[in-house]
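Please read the following note beside the sequence and the three-dimensional view. It concerns helix packing and pockets.

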Amino acid sequence: MRGIARHAPPCLDDIVALALAEDLGGGADVTAAATVPADLHAFAAVVARAAGLAAGLDAAAAVFAAVEPDIVLTRLVAEGDRVATGTALLRMEGPARGILAAERTALNLVCHLCGVATLTARYVAEVEGTGAVVRDTRKTLPGMRALEKAAVVAGGGHNHRMSLTDGLLVKDNHIAVAGGVAAATRNALAHAGGLPVQIEVDSLDQLDEALQAGAPAVLLDNFGLNDLPAAVARCRRQPAAPEPVFVEASGGVTLDTVWAIANTGVDAVAVGAITHSAPALDLGLDFL
């Protein structure tokens, strides 16, 4: 059930095209055209205004290339590198008008993705030594999922599903419609076709039903700290299972609670906040 790092998402060109269409409005940067000579050659860099982790460098590079192919871009750090305040992440050389036109779109993407990687790294640091990993969710910005999940990996986290086609995650509403945990679990296993199956449960009784029905992986949703060790123990006592049951915890996880949750013996902690609530890392573009 552990996720896979996904790099160079095929949708990157589409994301960049949409972002530039929004910013340029199908035209040009009229301010740069009015104030900057067309033949002015310039040097610039994307610089960290705060410490964090680098991510989204390919996205930023794609923006500059789409706006002005003559811009030469040099990556000065790698994905996942820690950067201190004042560190240059990218260096650009080329037509000044093109650099100015691409500036905001590139920064919007790279600031957000650096923020995702930076917040992920904080969660990963909190669970160090527990044996658990931090996993993301599908709580992502529309159209940005592949980039955000790559940023999670850059921050040391693990990916869950990219889409609804990657695996079966039976949630509370599936269970309600299917007629209960046992029925939903059996149906999911019967129709999985080799895809991974995970069952979300919100009580020890539901957990017992899922395990008895053969669940290979469970998601313990909003379990209290008093119940999590008992839930993990029940999952470990499955001698008939071909492989150990994968145990993940979720529900309102914060930096203040993630260590205690991870320390109960779960294999993973799902954290929606690393994508849906990550603050942007403060970066700026400086002409040199």
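The numbered points below take up the helix pairs and then the pockets.

1. The status of the model should be stated at the outset: the structure is predicted. The packing of two helices is described by the angle between their axes and by the distance between those axes. The points on helices follow that scheme.

2. Consider the pair formed by helix α1 (12-24) and helix α3 (residues 57-67). The two axes come within 10 Å and cross at roughly 60°. Because angles from 35 to 65 degrees fall in the oblique class, α1 is oblique to α3. The crossing of α1 and α3 is right-handed.

3. Which residues make the contact of α1 with α3? From α1 come L12, V16 and L20, while α3 supplies D58, A59, A62, V63, A66 and V67. By class, the residues of this contact comprise 8 nonpolar and 1 charged, with no polar residue.

4. Helix α3 also packs against α4, at an angle of about 160° and with the axes 8 Å apart. Angles over 145 degrees count as roughly antiparallel, and α3 and α4 are therefore roughly antiparallel to each other. This crossing, of α3 and α4, is right-handed.

5. On the α3 side of the contact with α4 stand L57, A59, A60, V63, F64 and V67. They meet G98, I99, A101, A102, E103, T105, A106, L109, V110 and L113 of α4. The residues of this contact divide into 13 nonpolar, 2 polar and 1 charged. The reader may note that A59, V63 and V67 of α3 are listed in the contact with α1 and also in the contact with α4.

6. The third pair consists of helix α8 (residues 204-212) and helix α9 (residues 228-236), whose axes come within 11 Å and cross at roughly 10°. Since angles under 35 degrees count as roughly parallel, α8 is roughly parallel to α9. The crossing of α8 and α9 is right-handed.

7. In the contact between these helices, L204, L207, D208 and L211 of α8 meet A230, A231, R234 and C235 of α9. The contact of α8 with α9 holds 6 nonpolar and 2 charged residues, and no polar ones.

8. Turning to the pockets, how much space lies in the largest pocket? The value is about 440 Å³. Its lining has 21 residues, and T137, K139, K171, S250 and A270 lie nearest the centre of the largest pocket. The elements that give two or more residues to this lining are β9 (217-221), β10 (246-250) and α11 (273-276). The lining of the largest pocket divides into 6 nonpolar, 7 polar and 8 charged residues.

9. The second largest pocket has a volume of about 330 Å³. Of the 14 residues that line the second largest pocket, I15, A19, E22, L109 and M144 lie nearest its centre. Two or more residues of this lining come from each of α1 (12-24) and α4 (96-126). Which element gives the most to the lining of the second largest pocket? It is α1, with 6 residues. The lining of the second largest pocket comprises 7 nonpolar, 4 polar and 3 charged residues.

10. As a final remark, L109 links two of the points above: this residue of α4 is in the contact with α3, and L109 is also among the residues nearest the centre of the second largest pocket.

Terms used: Residues are numbered from 1 along each chain as its sequence is written. This is a predicted model: local features need pLDDT of at least 70, side-chain atom pairs count only at pLDDT 80 or more; totals for chains, interfaces and linings use all residues. Side-chain values use heavy atoms; hydrogens and water are left out. Axes are lines fitted to C-alpha atoms, for helices over the stretch in contact, and angles run from 0 to 180 degrees between N-to-C directions. Helices (H or I, at least four residues) and strands (E, at least two) are DSSP runs, numbered from the N terminus. Angles under 35 degrees count as roughly parallel, over 145 as roughly antiparallel, 65 to 115 as roughly perpendicular and the rest as oblique. A crossing is left-handed if the near helix is turned anticlockwise from the far one by less than a right angle, and right-handed if clockwise. Contact means heavy atoms within 4.5 Å. Ala, Val, Leu, Ile, Met, Phe, Trp, Tyr, Cys and Pro count as nonpolar, Asp, Glu, Lys and Arg as charged, and the others, Gly among them, as polar. On a 1 Å grid over the protein atoms alone, a cavity is a set of points where a 1.4 Å probe fits but cannot get out, and a pocket is an open set with protein on both sides within 12 Å along at least five of seven lines; lining residues have an atom within 4 Å of a point. Grid points are joined across faces, edges and corners, and a volume is the space filled by probe spheres set on the points.
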